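User: I'd like to learn how to read a few features off a protein model. Could you walk me through them one at a time?

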Amino acid sequence: MLPLTSASPRLAAVGTALPPRVYRQGDITARFVEHCLPAGHPGRRTMARIADNAGVRTRHFTLPLERYPHLDDFTESNDIWIANALDLGERALRGALRAAGIDADEVDLIVTTTVTGLAVPSLDARLARRVGLREDVKRLPLFGLGCVAGAAGIARLHDYLRAWPDQVAVLLSVELCSLTFQPRDTTIANYVATSLFGDGAAAVVAVGADRANDVQGPRVLATRSRLYPDSEHVMGWHIGANGFRVVLSSDVPAIVGNFLPKEVHAFLDEYGLAIGDIATWLCHPGGPKVIDAITSCLDLPTGALDRTRASLARIGNLSSASVLHVLRDTMAHRPPPPGSPALMMAMGPGFSSELVLLRW
């Protein structure tokens, strides 16, 4: 049976922010090939093929395209990351609070997540005074969850607000994937990453059950986290003097196909649900092969992941922020009928998955 909705936290609003520079996929590929692969290099053809098949039309980047090949080192990239992550994160957070009708000094917990830069003090501490958070706000910075962190962050908001039903919690995700660019890495993994990832931020405002009566967003009913055995090599970073070098195995779609069906069916079965009962699928856009694997292994109806594919095409893969953009698009455009269940899904380093059961 579904958990009692009267005790469930509710998502009040989602705010998103993108850098103003937007580039077409072909222009990004041409710039990468021109500056990183000499004439006649076999990688030129490989890179073009991967980019053409990435399912991406446009992406937003923090810097002008011509700037990336000339970044000196990780120090410079990370300094740029801190400055721009704060500005983009502030935009997303202020937008979410405004849409929720909640003042910054009402926030009791802020969870921040990123996997594309490092800051100590963390982004939440640096943003607190800028946006007007209280001095006693609780802070939970997360690093290392990668693409799964958007869904995992909502799950942690749920956990907190079940214990404190009269409070407000926010999640802020900021990912500037372009600043992890590795011009001298000619691996297939880097070609794929260069073809998929973009920059963006998203913030979610959630309220506990005692404050949820006047809120129209979906309730968070239940969550499920999983680490899969012998899969640490599948996805992540090699972190060194030149920054973040991507680890991305071609086995990801197969792993998704092997593990996800058992996980989803078991999770839904706990609450008396089946695949056919889910009205809306909020899925992280990991890439076209991953989206195809999810559709196939779960036998989803035609069009179930159309909004995920559309997000990938419009802004690329934003790591942890992507599934939150899909959530915002769903809430803003044709939300499901009241009472219908939805399932949010994301996968990331570990290799891991996070499932969040919602009810509109």
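User: Let's start with the cysteines. Which cysteine sulfur is closest to the sulfur of C177, and why is there no bond?

Analyst: First, keep in mind that this is a predicted model. The general idea: a disulfide is a covalent bond between the sulfur atoms of two cysteines. Here, the closest cysteine sulfur to that of C177 belongs to C147, and at 7.4 Å it is too far for a bond. For a pair to count, the sulfur atoms have to be within 2.5 Å.

User: And is C177 buried or exposed?

Analyst: C177 has a relative accessible area of 9%, so it counts as buried.

User: How many disulfides does the structure hold, and where does C297 stand?

Analyst: The count is zero. C297 is in no disulfide either, as its nearest cysteine sulfur sits 9.5 Å away, in C283.

User: On to helices. How do I read the packing of α1 and α2?

Analyst: Two packed helices are described by the angle between their axes and by the distance between those axes. In this case, α1 (residues 25–36) and α2 (residues 43–52) pack at about 160 degrees, with the axes 10 Å apart. Their angle makes α1 roughly antiparallel to α2, since anything over 145 degrees gets that label. The crossing of α1 past α2 is right-handed.

User: Which residues make that contact?

Analyst: From α1 you have Q25, T29, F32, V33 and E34, and from α2 there are R44, M47, A48 and A51. Sorted by character, the residues of this α1 and α2 contact are five nonpolar, two polar and two charged.

User: What about α8 and α9, at what angle do they pack?

Analyst: Read this pair in the same manner. Helix α8 (residues 288–297) and helix α9 (residues 306–315) pack at an angle of about 180 degrees, and their axes are 11 Å apart. That makes α8 roughly antiparallel to α9. On the α8 side the contact uses P288, I291, D292 and T295, while α9 brings T308, R309 and L312. The split between α8 and α9 is three nonpolar, two polar and two charged residues.

User: One last residue: where is E90 placed, and is E90 buried or exposed?

Analyst: You'll find E90 in helix α3, which covers residues 74–100. E90 has a relative accessibility of 16%, so it counts as buried, the cut-off being under 20%.

User: Which residues does E90 touch?

Analyst: Leaving aside residues up to four places away in sequence, E90 touches L127, R130 and V131.

Definitions and conventions. Residues numbered from 1 in each chain as written. Predicted model: local features only at pLDDT ≥ 70, side-chain atom pairs only at ≥ 80, totals over all residues. Heavy atoms only, no water. Axes fitted to C-alpha atoms, helices over the stretch in contact; angles between N-to-C directions. Helix = DSSP H or I, 4+ residues; strand = E, 2+ residues; numbered from the N terminus. Parallel < 35°, antiparallel > 145°, perpendicular 65-115°, else oblique. Contact = heavy atoms within 4.5 Å. Nonpolar A, V, L, I, M, F, W, Y, C, P; charged D, E, K, R; others polar. Buried < 20%, exposed > 50% of the residue type's maximum accessible area, 1.4 Å probe, protein only. Left-handed = near helix turned anticlockwise from the far one by under 90°.
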